[in-house]
Amino acid sequence: MGEHGTGRREITVSDVASAARVSKATAARALGDYGAVSDAVRDRVQKAAEELGYRPNALARTMSTGRSHTIGIVIGDIENPYFAQATRAAADVAAAAGYDVILSNSDEEPDREAQAIAVQLAKRVDGLLVAPASSLAPDTLQPVLDAARPLVLFDRAVPSLDVDTVITANRSGARRLTALLLAAGHRRIAFVSTLAHAGGYRLGEVLASSSVAERVQGFTDTLAEAGIEHPERFVHLNAKEHGVEELVVRLLRAEEPPTAIIASDSLVALAAFRAARRLGIPIPGRLSLVAFDDADWTGLTTPGITVMAQPIHEIGAEAARALLRRIGGDGSPAATTVLDQQLVERESVAPPAG
C-alpha cells in the first residue's frame, strides 16, 4: 500500500494512529523511536504501520527529531580495495544501528574533500567518517566541527584536530617488510607510493599523509640502522604523476635498478607486478616484491605476493562504532585507536640475483 504513481495516496502517521487506536503524537513517538512510549503501544503502532505499508518521510523525521539517521563517509577512492572494504564494514555497522550512509570520493584532493563535506552537511548527516586527503589540512574538516557534527577520522590522522581517529601501526609494519628484504640480502630497495609530493623526498620531511609518512619513516629508519647511507634516495613518491607502471619501468631500467620494491598499497603493487612482467623480469628471481594491503589478487598470482595485511574490516567497523557513540552523546576525550598489522609471507621474496 501507499505506492507512488498508482493513484493511491501515501499512508501518513495519522492513518497509523487511527489503525493503532492512539493519538497522532503517540504514533509519531513510537515510529520515530523517541520519547516515552510503552512496549505494548510501540508494538501495536509498528504492527499497524507494517500492515498499512507506512513508509516514514525522512525529511519529516529529521525535522521532528533533529536527526537524519544518516552518516557521511568521505574516502580517497572507492576503487581502491582498501577503502571499499573499510567502507563496507562501516556501512554494515551503521545499518545495524538503523543508519543509512552517504558516500563521497575526495580523489585525495583537499578541495574535492571540502566540496564533498559541504554536500554531506547540506544533507544533514548526523556525523562524518573521513579518511582525510591531507594530514596537514585541517581547514577542510573544520566545517564539520563548526556545524557541531561528530567527526571520526580513519586510516590517517590529522594531529591538529582533537577528534577520534582509527589507524594502524604503519611504522612497525614498514619496519617488518624492510627487515624481511634486508634479511634476504637486499640493499637496493625502492619504496613506491602515489602520494602527491613535489620534488625528491628529504629525510624527516613532513608528508601530507600520516599513514605514508609512518611507512616511509619505518622504511628509512630500518635501512639506516642496517648501515645503508642516504636511505631517502630509495623513496619514490608522486608515482601517479606519470603512471605507477611507467615509474617502475624507469626504475628497473636504471643503471643500478632496485632488487626489491615495497609498494605502499595493493594498486601500486599491481602496477609494479605488471611492469616486471612487461620487462620480462621474473619475480622473485630478479625482483622481490612486497606490499601493504592483502588484496585478493595478491594471493592468486604466480608467485603469490608477500604483504603486510591490515585489519581493514575492523578499521571501518571501529570508526563507525566510535562515530555512533559520539552521535549518541558520548562526551569522553577524543581517542586514537591503533590496530596491529599482520605479515603474510608468500613466494615473492628471494635473495637478489648475482
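The paragraphs below describe a sheet, a pocket and two individual residues in a predicted model.

A good place to start is the open sheet, which has 6 strands. Read across, the strands come in the order β7-β6-β8-β9-β10-β12, and their pairing is mixed. At the edges lie β7 (235-236) and β12 (342-344), each of which pairs on one side only. Strand β6, made up of residues 189-192, pairs with β7 in the parallel sense, over 2 bridges. Within this pairing, Val-192 has His-236 of β7 as its bridge partner.

Helices also meet this sheet. Helix α9 packs on the sheet and touches β6, β7, β8 (260-263) and β9 (288-292). The direction of α9 makes about 170° with that of β6. Helix α11 packs on the sheet as well, touching β6, β8 and β9. For α11, the angle is given against β9, and the two directions make about 160°.

Both helices appear again at the largest pocket, which has a volume of about 800 Å³. Its lining is built from 35 residues, and those nearest the pocket centre are Glu-108, Thr-194, Leu-195, Lys-240 and Asp-265. Two or more lining residues come from each of the elements α5 (81-96), α9 (210-225), α10 (244-252) and α11 (266-279). Of the elements, α11 gives the most to this lining, with 5 residues. Sorted by class, the lining of the largest pocket holds 13 nonpolar, 10 polar and 12 charged residues.

Two residues deserve a closer look, beginning with one in a helix already met. Asp-221 lies in α9. Is Asp-221 buried, partly exposed or exposed? Asp-221 counts as partly exposed because its relative accessibility is 23%, and the partly exposed class runs between the 20% limit for buried and the 50% limit for exposed. Along the sequence, Asp-221 and Glu-232 are 11 residues apart, while in space their C-alpha atoms are 9.6 Å apart.

The second residue, Ser-106, sits in a loop, between β2 (100-105) and α6 (110-122). With a relative accessible area of 0%, Ser-106 is buried, since buried means under 20%. Which residues does Ser-106 touch, not counting those up to four places away in sequence? The contacts of Ser-106 are Val-74, Ile-75, Gly-76, Arg-112, Glu-113 and Ala-133, with residues up to four places away in sequence left out.

Terms used: Residues numbered from 1 in each chain as written. Predicted model: local features only at pLDDT ≥ 70, side-chain atom pairs only at ≥ 80, totals over all residues. Heavy atoms only, no water. 1 Å grid on protein atoms, 1.4 Å probe; cavity = no way out; pocket = protein on both sides within 12 Å on 5 of 7 lines; lining within 4 Å. Points joined across faces, edges and corners; volume = space filled by probe spheres on them. Helix = DSSP H or I, 4+ residues; strand = E, 2+ residues; numbered from the N terminus. Nonpolar A, V, L, I, M, F, W, Y, C, P; charged D, E, K, R; others polar. Buried < 20%, exposed > 50% of the residue type's maximum accessible area, 1.4 Å probe, protein only. Contact = heavy atoms within 4.5 Å. Pairing = 2+ DSSP bridges. Axes fitted to C-alpha atoms, helices over the stretch in contact; angles between N-to-C directions.
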